[in-house]
Amino acid sequence: MKETEKTPPLVETVTLPVRGMSCASCAAGVEATLKGTSGVSQAAVNFAAEKVSLSFDPREVTLDTLARGVEQAGYHLVVDGTRESQNEEALTLSQARRRMQISSILAGGVMILMIFRMAGLPIPGYQWIITLLGAPVVFGVGRHVHLGAFRAFRSGRPNMDVLVSLGSLPAFLAGIAAFFFPLQAFTEMAITIMTFHLIGKYLEARAKGRASEALRKLIQLGAKTARILVDGQEKDVDVSALRPGDVMVVRPGEKIPTDGEILTGSSHIDESMATGEPLPVRKEPGQPVIGATLNQEGALTVTVTKTGKDTFLSQVISLVEECQGSKVPIQDFADRVTGYFVPAILILTAGTFVSYLVFPDFHRMIITWGAGFLPWVNPDLPPLTLAFITATAVLVIACPCALGLGTPTALMVGSGIGAEQGILIRNGEAVQTLKDVSLVAFDKTGTITAGKPQLTDIVPAPGFTDQEILERAASAERLSEHPLARAIGEAAQDRGLSPKESESFSSTTGAGVTARTGGMVIRVGSRQLMLQAGIDPSPLEEVLKDMESRARTAILVAVDDRLAGVLAVADPLKKSSARAIKALEERGIATAMITGDNQGTARAIAEAAGITQVVAQVLPDGKVAEIRRLQEQYGLVAMVGDGINDAPALKQANVGIAIGTGTDIAIEAADITLVRGDLMTLVTAVDLSRATFRKIKENFFWAWFYNLLAVPVAMMGLLHPMVGAAAMSLSSLNVVYNSLRLKRLKIGAS
């Protein structure tokens with residue numbers, strides 16, 4: 001019996017907000033919960049952005065089911081839209097600010113009273129006063145920390161909330177118990193620990209907001225309303241109500257509401273927000289325009305072509321979100337360590353507490369030494385008090401947040417900078433790989449060259465003029481759709497010539513065309529076409545060879561079986577190509593060109609661009625084999641192409657880089673898309689990759705250095721919990737602000 005074929009899985013990919021995470025351990029918990037659900041093929045949680053990139057089969061599992069699973073783990077997956085409103089983001093920051101303000105004011109009062117008391121000023125009811133001031137801090141604005149700790153313990157994945165809760169709650173409860181039993185009160189310590197934690201979380205939230213600033217700006221760029229023509233009358237509608245085919249009216253100084261094509265009018269359009277191109281672009285009827293770009297002058301009517309998630313701006317936002325939700329391979333190790341970090345700290349804390357009770361003299365000797373230069377160290381405290389304070393210091397000094405923030409914040413800032421400059425990075429792996437590529441392979445047409453052939457030379461035979469052969473060639477090519485024919489037609493039009501109608505027309509594939517025009521038989525094409533008609537091309541052979549040696553496509557023209565001359569058409573180099581190739585070579589990256597053109601043309605283009613390695617006459621399928629060969633020779637290879645014909649080669653390369661074409665940026669084969677055709681943005685992408693990864697490594701270093709240094713020092717009894725709480729907050733902030741320094745770097749060659 002024949003085995004029934006299985007239906008291939010249907011995969012849907014979304015990026016959703018996750019609320020309630022306090023550290024990287026939380027992110028690991030959410031990720032594990034989602035990955036452990038049947039039907040989920042991929043889940044990557046970005047703790048800094050508070051989002052998860054999720055791939056799942058909707059026939060096996062729904063988003064509501066996934067949200068319930070995350071809820072049971074103690075967190076909240078937002079499934080009522082792929083993007084939350086800016087109001088909700090602002091509300092979250094406002095809540096963090098309010099918690100910080102309340103705790104700071106109350107803790108400030110406690111600190112003032114404590115200083116007066118330490119100065120010898122008697123304060124009646126001191127313990128009652130600080131307990132009343134501290135209760136709203138520990139149990140009020142800090143309530144969510146204890147709830148988070150309880151949920152984390154219940155799910156078996158202790159997190160940062162657990163460390164802060166254990167550092168503050170027992171200390172405060174000990175202070176309450178001191179009213180009834182002869183115990184040491186640690187109320188001030190509990191209040192300070194919670195306050196520093198809340199201050200740190202607010203500053204961290206504000207800094208993370210700056211890290212995702214570029215994405216937020218993109219979201220805010222979209223127009224809210226549009227003016228459309230209905231029965232000849234203008235009508236204002238919401239942008240969400242637009243449909244393809246609607247005709248929009250765009251006045252000078254207004255944003256173009258959505259992607260479309262100019263129907264009437266002409267203007268200069270500022271497309272810098274989309275492409276990074278600083279100069280306005282001239283647009284005429286029939287040309288596409290991008291939604292959210294600015295019409296500088298001239299009234300336009302624009303036909304709507306794309307709406308909603310299909311628009312350029314929505315695709316850009318989706319790609320940036322996809323990158324920010326992905327992971328850099330180097331993060332895998334940090335994630336594995338982070339999963340064991342909090343449990344390890346809890347074990348070290350318990351061990352420290354027991355050790356101070358079992359070996360009090362040994363620890364007192366170390367603390368006595370530290371008291372000589374650390375004002376907060378007191379070796380005269382009872383063993384139980386020392387054990388409690390030291391164990392609490394170990395709890396609050398440890399900082400898993402710094403480990404979890406190192407990669408995503410740098411990736412958020414880096415991808416945002418890229419988007420602002422027309423570089424769309426699909427995933428974090430591309431950032432890590434691009435910095436190490438040894439060679440960049442380029443397609444020729446549309447990548448190194450402009451992709452639009454232009455007439456460059458006219459060489460008439462004796463008895464003919466330039467104007468005659470161009471006009472007759474344009475007349476013969478009038479009905480042809482070939483790119484070379486269009487180049488000849490445009491050149492004739494630019495010179496004010498008027499091609500005539502053809503009485504008959506025939507095309508020979510790969511050879512040229514024959515047409516009867518004005519009673520004359522005109523042939524335009526290759527040597528082969530001329531030889532087939534019995535016309536000897538040898539009188540112009542030297543001209544043909546000279547054209548071909550200079551990367552021109554030479555086209556013979558014959559009138560009534562008489563050789564009339566040669567037209568040369570070339571696809572010119574982009575202005576930025578040679579400069580970009582030189583800049584890559586200066587960065588230690590070799591370059592190669594892979595093209596289907598003949599050797600002569602390919603070598604001439606490569607020489608003009610500064611590329612030393614040329615692989616010519618390669619069919620599209622053969623490009624994959626060439627990329628493999630280059631990978632064997634050089635290691636990591638990037639491929640730059642148009643993203644359509646070169647899709648297999650882009651996939652084979654370690655990093656596939658697609659040249660964007662106006663509004664068409666949804667190129668699935670590419671890891672990176674350069675929205676502008678300017679190859680200097682490739683150099684910027686390389687520099688951005690290197691700078692971003694450098695920040696990631698710096699962040700990891702500081703996070704590890706801090707924890708490896710601070711935890712042992714705390715175990716030695718040389719750090720007071722209050723100092724530890726402040727240091728813990730500063731550690732996270734240092735990582736985030738180090739990532740933000742990416743914005744100050746000069747990236748890309750001038």
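## A walk through the chain, stop by stop

Select G175 to begin: leaving out residues up to four places away in sequence, G175 touches Q127, A185, F186 and T187. What you have open is a predicted model, so treat each stop as a look at a prediction.

**Stop 1: around G175**

Colour helix α6, residues 160–177, and you will find G175 inside it. Is G175 buried or exposed? With a relative accessibility of 0%, G175 counts as buried. Next, add E420 to the selection and draw a line between the two C-alpha atoms: G175 and E420 are 245 residues apart along the chain and 53 Å apart in space.

While you are here, select residues 162–180, one of the stretches that the unreviewed UniProt entry annotates as "transmembrane region". In the model, residues 162–180 are 84% helix and 0% strand, with 27 Å between the end C-alpha atoms.

**Stop 2: the annotated stretches**

To see the rest of that annotation, select 102–119, 125–142, 186–203, 337–359, 384–405 and 699–716, which carry the label "transmembrane region" in the unreviewed UniProt entry. Pause on 699–716: the chain there is 94% helix and 0% strand, and its end C-alpha atoms lie 26 Å apart.

Now jump to residues 12–78, listed by UniProt as "domain: HMA" in an unreviewed entry. Here the chain is 33% helix and 34% strand, and the end C-alpha atoms are 16 Å apart.

**Stop 3: the five domains**

Give each domain its own colour. Domain 1 is residues 12–81, domain 3 is 243–307 and domain 5 is 454–570. Two domains are put together from separate pieces of the chain: domain 2 from 88–214, 325–407 and 697–743, and domain 4 from 423–450 and 573–675. How far apart are the C-alpha centres of domain 3 and domain 5? The answer is 38 Å.

**Stop 4: P400**

Centre the view on P400, which belongs to helix α14 (residues 400–420). P400 is buried, with a relative accessible area of 0%. Show its surroundings and, not counting residues up to four places away in sequence, you will see P400 touching C23, A24, M160, L163, F341 and V342. For a long view, add S240: P400 and S240 are 160 residues apart in sequence, and their C-alpha atoms are 42 Å apart.

**Stop 5: two helices at an angle**

Select helix α11 (residues 331–358) and helix α12 (residues 360–370). Their axes are 5 Å apart and the helices pack at an angle of about 100°, which makes α11 roughly perpendicular to α12. Show side chains to find the meeting point: S355, Y356, L357 and V358 of α11 meet P360, H363 and I367 of α12. The residues of this contact are 5 nonpolar and 2 polar, with no charged ones.

**Stop 6: T390**

Move on to helix α13 (residues 383–397) and pick out T390. T390 is buried, at a relative accessible area of 3%. Which residues does T390 contact, once neighbours within four places in sequence are set aside? They are T352, Y356, A714, M715 and G717. Y356 may look familiar, as it is one of the α11 residues that meet α12.

**Stop 7: a roughly parallel pair**

Select helix α21 (residues 577–586) together with helix α25 (residues 680–715). Their axes come within 8 Å and cross at roughly 25°. The two helices are therefore roughly parallel to each other. On the α21 side, R579, A580, A583 and L584 make the contact, and on the α25 side M680, L682, V683 and V686 do. The contact residues divide into 7 nonpolar, 1 charged and no polar.

**Stop 8: two positive phi angles**

Finish in the loops. A292 sits in the loop between β11 (288–289) and β12 (294–295). A292 is not a glycine, yet has a positive phi of about 80°. At 6% relative accessibility, A292 counts as buried.

Then select D560, in the loop between β20 (553–559) and β21 (562–570). Phi of D560 is positive too, near 50°, and D560 is a residue other than glycine. Is D560 buried or partly exposed? With a relative accessible area of 43%, D560 is partly exposed.

How values were computed. Residues numbered from 1 in each chain as written. Predicted model: local features only at pLDDT ≥ 70, side-chain atom pairs only at ≥ 80, totals over all residues. Heavy atoms only, no water. Domains from an automatic or database assignment. Axes fitted to C-alpha atoms, helices over the stretch in contact; angles between N-to-C directions. Helix = DSSP H or I, 4+ residues; strand = E, 2+ residues; numbered from the N terminus. Parallel < 35°, antiparallel > 145°, perpendicular 65-115°, else oblique. Contact = heavy atoms within 4.5 Å. Nonpolar A, V, L, I, M, F, W, Y, C, P; charged D, E, K, R; others polar. UniProt positions renumbered as here; feature names shortened; annotations may be inferred. Buried < 20%, exposed > 50% of the residue type's maximum accessible area, 1.4 Å probe, protein only.
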